[in-house]
Each structure stands twice: as C-alpha cells, then as structure tokens.
Amino acid sequence: GVDRNPSIDIYSATEYLKNKTAAYNHTKNPVNVKPGDTVIYTLRVYNEGYINGYAKEITDYLPAGLEYVENSQINKDNGWTVTKNEDGTTTVKTDKLKNTLIPAANGAEGFAKYCAQQSIGEDVKEPEFSKSVQIECKVKEDVQDSKLLVNVAEITNYGYNDEKGNYIEANKDKVDIDSEEDNVFKKNDDV
C-alpha cells in the first residue's frame with residue numbers, strides 16, 4: 001500500500017499562527033489503481049481549536065468509480081450507513097466517533113508539542129488532538145484506468161459539551177465554533 005498520511009511539523013504550527021488553520025503536508029500525487037483493486041481510506045479528524053469536541057457524524061462522498069465493500073470487517077467496525085445515489089455515486093456516513101472526545105490542540109501550541117514529542121524520539125504516531133475512521137472500497141470493474149477517482153469526506157455534525165454537559169452542535173441554532181480562542185458564541189449575540 002501507499003502511505004499518504006499527512007505529516008505534521010513545525011511548519012504546521014507556523015501556518016496555524018498565520019492562517020488559523022494548520023498545514024498538513026502530504027503527497028497529492030495520484031495513486032495508480034486498476035479495476036478490482038481494494039482501496040482503504042483513513043479519514044483523520046483534527047481538532048485544531050481551543051475547545052474539546054466531538055465529530056458526531058462523518059460523511060464520505062464516494063465517486064462513481066468506487067464501490068463500498070459491503071461485507072468488509074473494516075466497514076462493519078466503523079459503522080458506515082450507505083446511500084446509493086442516482087448519479088452512480090455513493091454517500092456513506094458514520095457516527096463511530098460520536099462519543100469519542102477529541103482533545104483541543106489549543107492552536108499552534110498543540111502542533112508544537114506534538115513536534116517536540118517527535119523530535120525527542122517519543123513514539124507518537126498521531127497527535128492526541130486527532131481521531132480516525134477507515135473505509136474500505138473497491139475500484140469498479142467498468143472504471144477506466146485513466147479515470148481520476150477523487151474521494152471527498154467531511155465532518156457533517158460536530159460540536160462540544162457546555163459547562164452543564166449539554167451537547168452544542170456547531171453551525172446549528174446560529175452557534176459559531178471556529179479556531180479562534182474564546183470565540184464560541186451565538187451569531188446574533190453582541191461580541
């Protein structure tokens with residue numbers, strides 16, 4: 001298999017300080033696949049912000065040239081639900097991480113800490129402010145070798161627990177959650 005895991009380095013922290021989002025460095029070169037090949041994607045969620053949170057739902061929009069492997073142990077373990085779309089694409093969703101707290105990176109501080117752990121030889125494969133899910137797909141038999149398959153995934157329900165333990169969903173009920181420290185508010189509040 002081809003490892004396309006993003007690397008996190010001091011550049012990631014520097015980018016966070018400049019742009020309020022980190023840089024995850026990984027190759028964007030296409031992976032050559034042929035009909036019948038199995039492809040396993042690891043979808044990693046990073047909490048770059050200042051509030052511990054949850055990724056309650058992850059949605060993956062599989063392109064027409066990929067098929068979801070129904071009886072895959074990976075897919076069963078990750079709890080995907082499948083919707084086949086009229087255009088030949090497949091939309092899959094999982095709530096595997098819904099009860100998994102993803103600690104806040106606290107902005108550049110978390111990236112710098114992770115880089116420091118790596119530089120002194122600690123065995124940290126992924127930062128503590130990240131969690132992952134996997135999905136197993138198969139390249140459809142009728143796909144052309146030259147066709148570019150682009151898989152797109154996103155977090156479609158995320159949020160945090162308030163001081164009373166109530167789950168607050170981002171982008172719902174005018175709640176804004178972003179990477180700015182101490183900047184969680186209802187959009188119609190005076191700030």
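Among the contacts in this chain between residues at least 6 apart in sequence, 70% join residues at least 24 apart, a contact being a case of heavy atoms within 4.5 Å. The model is predicted, so that local features need pLDDT of at least 70 and side-chain atom pairs count only at pLDDT 80 or more, while totals for chains, interfaces and linings use all residues. Residues are numbered from 1 along each chain as its sequence is written, and side-chain values use heavy atoms, with hydrogens and water left out.

**The whole chain**

Begin with the whole chain in a cartoon view, where there are three helices and 10 strands; these are DSSP runs numbered from the N terminus, helices being H or I of at least four residues and strands E of at least two. Followed from the N terminus on, the elements run α-β-β-β-α-β-β-α-β-β-β-β-β. Of the 191 residues, 34% count as buried, where buried means under 20% relative accessible area, exposed means over 50%, and partly exposed lies in between, with a 1.4 Å probe and protein chains only. A surface view shows what the chain exposes, about 11700 Å², of which carbon and sulfur atoms supply 45%; accessible areas come from the Shrake-Rupley method with a 1.4 Å probe, and for residues only the protein chains shown count as cover.

**The open sheet**

Next, select strands 4, 5, 2, 7 and 8, which in that order form an open sheet of five strands with antiparallel pairing. Its edge strands are strand 4 (81-84) and strand 8, each of which pairs on one side only. From one strand to the next the twist averages 20°, with axes taken as lines fitted to C-alpha atoms (for helices over the stretch in contact) and angles running from 0 to 180 degrees between N-to-C directions.

Within this sheet, colour strand 2 (residues 54-62) and strand 7 (residues 152-161), which pair in the antiparallel sense over seven bridges; two strands are said to pair if DSSP finds at least two bridges between them. To find one of the matched positions, pick E57, whose bridge partner in strand 7 is N157. Then move on to strand 8 (residues 167-169), which runs antiparallel to strand 7 and is joined to it by three bridges, with E169 in strand 8 as the bridge partner of G159. Five residues lie between the strands in the hairpin of strand 7 and strand 8, and there G165 takes a positive phi near 90°.

**Strand 6 and its partners**

Now turn to strand 1 (residues 38-46), which is joined to strand 6 by nine bridges, the two running antiparallel. Selecting Y46 leads to S130, the residue opposite in strand 6. Strand 6 also pairs in the antiparallel sense with strand 3 (residues 66-68), over three bridges, and here the bridge partner of E67 is K138 in strand 6.

**Charged pairs**

Side chains of opposite charge can pair when their charged atoms come close. How many salt bridges does the structure hold? It holds five, a salt bridge being a side-chain nitrogen of Lys or Arg within 4 Å of a carboxyl oxygen of Asp or Glu.

Show the side chains of E57 and K93, which meet in a salt bridge at 3.8 Å, N to O. This pair links distant parts of the chain, since E57 belongs to strand 2 and K93 to strand 5 (residues 90-94), 36 residues apart. Both ends are partly exposed, E57 with a relative accessible area of 24% and K93 with one of 32%.

Select K98 and D95 next, whose side chains meet in a salt bridge at 3.4 Å, N to O; K98 is partly exposed at 34% relative accessible area, and D95 is partly exposed at 37%.

For another pair, display K113 and E128, which form a salt bridge whose closest N and O atoms are 3.4 Å apart. K113 lies in helix 3 (residues 108-119) and E128 in the loop between helix 3 and strand 6 (130-139), so the pair ties together parts that are 15 residues apart in sequence. K113 is partly exposed, with a relative accessible area of 43%, and E128 is likewise partly exposed, at 48%.

**A nonpolar patch**

Finish on the surface by selecting Y61, L148, V150 and V152, which make a nonpolar patch of about 370 Å². Patches are made of residues with over 30% relative accessible area and no salt bridge, like charges being joined within 9 Å and nonpolar side chains (Val, Leu, Ile, Met, Phe, Trp, Tyr) within 5 Å. V152 lies in strand 7 and is partly exposed, with a relative accessible area of 44%.
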